[in-house]
Amino acid sequence: MRNPLGIDRKPYFSWKLKSEEKDVFQKTYQILVREKDGTVIMDSGTVKSDENTFIPFLGELRSRTSYEVSIKVEDNKGNGSQVDGLFETAMLEEKDWEAHWAVSSLKYRKRKPGFGLQSGSTLFRKEFMVKKPVKKARLYATCHGAYEVYLNGDRPDERFFAPEHTVYEKYLCYQTYDVTDLIEEGNNVIAMEVADGWYYCPQAKPNMKTDGKHAVLFQLEITSEDGETERVVSGKNVKVSEGAVLSADLYAGEYYNANLEKEGWNKAGYDDTKWLFCEEKSYGYHNLIAQFGEPVKVVKTVEAENVTRSPKGEWIIDFGQNMAGVLRVRTDLPKGSTMSLEHCEVLDKEGNFFNNIMGAGGVGKGCDQKDVYISNGKEGFFEPRFTYHGFRYVRVMGLEEVRKEDFTALVLSSEKENNGSFDTSDELINRLYQNIRWSQTSNMLSIPTDCPQREKAGWTGDMLVYAKTAMLNEDCTAFFSRWLENMSCDQDKYGKIPMVVPNNGNYPLTGIFINLTSGEKGVATSSGWGDAAIAVPYSMYEVTGNKEILKQQYLTMKKWADYIIKTAASKKPKKTQLPAEIENYLWDTGYHYGEWLIPSQNKNGLDLKNLKNIMATSSCYTAPIFGYYSVSTFAKIASLLGKMDDQRKYAQIADRMKNAIQKGIMNEDGSMPSELMGAYVLSIYFDLVPEKYKESFKKHLMKIYEANGRCMDTGFLGTPYLLDAMSLIHEDEAALELLWQKKVPSWLSEVLQGATTIWENCFGYDQDGNPGSLSFNHYAFGCVLDWVYRNLSGIRPMEAGYKQVEIRPLLTDRLSFCHSSYESMQGTIDVKWENKDKHYVLKATIPCNTKACIVLPDGTKHNVGSGSYEYHCSI
Ligand code: BGC
């Protein structure tokens, strides 16, 4: 985060060097942290080091204090430089809160899934006097629900869905706002509008009993020019009334009656004598955490592409792009008339509105994706604020005529810095890249979600497969850190990590059902899903060199590794014939999704009837292999953090697990228990194949590849490693062919069918062109981009954090150029290569503090430091 306001933890610092000179490395650094009055809080002294990322703050912090940070560096060329920044703390201790929870005294109905069945919004307001000129003002605020806050009618920022989606019972974020410019001498008002948000949403509500009431907590601290601080806090003198939102839900949509708007309610001087006073309740402060990571905002807008009448005669707007967000609609409807907006991702074969929500009565229950507006006769804009949808198309009802220019789509996502760019001579590959980026934007909304139109849930396995790609596209450090902290909150006493984080809404109940069938206790987990506890922090480390996240998650990771080890040792499949020294090291019991969505097993969408059998065909290898992956990776992490006892212990167990896979899972003829592509891909990628089976594994994989018409046939868990496994068996050409495959199932087949995002599975449409019921905006299969960046752009990390890279694009006639960049923790790595008439040109820019080995197709190698380089060769 850049210059964060309102943190409640010790920060760590990262900076980048820029220079016009070549071969620049940092030689020394000094970090100075001062309070405003100049008191030095941390002085690292001059440190001889080239480290410039994730350097921990050492010292003590005080609550609600601003700190100035100066970082001085010297490089190996004798140049010096300094950069200044700041951060500000929020509440470091519970006792810093003087505010009390102000609980609405309005009546709330029991919420149900489905449009219009949730509660309406609640308006909270409190007036206060300011007698002296204001120097600085900070507002700390949160709620039970989702809120928008106003000071004297203005919002301090444009965020959506504060206080974010978290494990509320243990982790409720509060937000810090700089409101200095919004406060005036005289009468002021702080006003909050609260709707249900995730907190009271039937599909996402926390796994605890709540009283069903909207409530707010705020503490406004006003420092006047003379240095004195006054506090305005929430409590029983906050007043409440109903808002114009009749019902709002993150899945079902928002129902808004403009006739109920209370004009001026969020400005000072409004007559609130008829409003009710709040009740004061002590929910405690134990779960309050200062928001870490950027808020959800409108990150892009998309204009309507065209408006048509469907064959059924309905108005359909096409935005030309699948996305997550809401509409902004200009309205001038007569008073009392109603406009409804229904959102969907695809149209049916005839071009009619189609709701592709799997199992409308089950998983997709209540996902109406509908917003309704009742006009007050005034001209203006309708923009839902307490819901969002996954859509490309909108069916509009209630308008005589639909004018394209009145509709704009607001794309919502958690704000993050862009890290990547990619462009080639092949438009299909470029579109694939764009589709991956769009699915990422659509699904990094407060938490990493599986899809924006159906579950909006933090499925852990999806992120296990996609974490590296996510980090290469955007700076996700803070965003993932927060989600991982929530994962720790949701870990149970057995060390199990749930399949969904936050584990809320209906998922705990599903978990109980799963446990009943599998005889497990605690939260329901699965290999490949729970393993995200180790894979996601480790991917973050690999991409950015962040060891702080490994420290933060260490205990969670350890408990997860222990759970696997204990389960492997204590639980055995009924019919096992394996000797104890093998069986005790195989994770081969419990509930597992297997690879999930292996194309050849899911041609007609999810086969719910046969799901159990299908899952078993791949979980027989995914569980032992991912168990091994987690334990062996944990051993590496222990070593990175200098915890050598743990390193030895877990590395030894991992070795035994590897041996058990080789002897207990692999057949003696050098094959796997299931003739599935992923079985071979995972074994090859995780280096599990004994020398004597290597040839055989290669043969099996290539045979399966041919048998599948040279199309991919891996599910979620096999796909991230598919193309790498091909490269590892010296079949780069097959890897390229898979990427360029145009038949279904393949990445480009989706592009050719007009996809604008990545689909949940490659069979989006059946052979007759009817759309299926799975999601069309699921980032998981987009994980191929990690391979693309390394192999087509050629930017290959040789060390965590890309401080050492190899630039070695795969040569292919399929492209005449490729231009890509990655914003590493050190700066921009930019690679452009061209391949025309047997003449090859490669231009590379390497950032400071980075070593690169540039390898040309003729085999020549150039070891360079920072700077821009150009090489030519003939091929
Ligand atoms: C979700 C997936 C998830 C899966 C688990 C689906 O409903 O959308 O992405 O990982 O369930 O099997």
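**Contacts, burial and strands**

Me: Which residues does Thr622 touch, not counting residues up to four places away in sequence?

Reply: Thr622 touches Ser527, Gly594, Glu595, Gly627, Leu682 and Leu717, where contact means heavy atoms within 4.5 Å. This is a predicted model, in which local features need pLDDT of at least 70 and side-chain atom pairs count only at pLDDT 80 or more, while totals for chains, interfaces and linings use all residues. Residues are numbered from 1 along each chain as its sequence is written, and side-chain values use heavy atoms, leaving out hydrogens and water.

Me: Why is Thr622 called buried?

Reply: Its relative accessible area is 0%. Buried means under 20%, exposed over 50% and partly exposed in between (1.4 Å probe, protein chains only), so Thr622 earns the word.

Me: How many disulfides does a search of the whole structure find?

Reply: The search finds zero. Take Cys451: the nearest cysteine sulfur, that of Cys367, is 8.4 Å away. A disulfide needs a pair of cysteine sulfur atoms within 2.5 Å, so Cys451 is in none.

Me: And what makes Cys489 buried?

Reply: Its relative accessible area is 14%, so Cys489 meets the cut-off for buried as well.

Me: What makes strands E39 and E40 a pair?

Reply: Seven bridges join E39 (residues 827–836) to E40 (residues 839–846). Pairing takes at least two bridges found by DSSP, so these antiparallel strands count as a pair. Strands are DSSP runs (E, at least two residues), numbered from the N terminus. One bridge partner in E40 is Lys843, which faces Lys832.

Definitions and conventions. Helix = DSSP H or I, 4+ residues; strand = E, 2+ residues; numbered from the N terminus.
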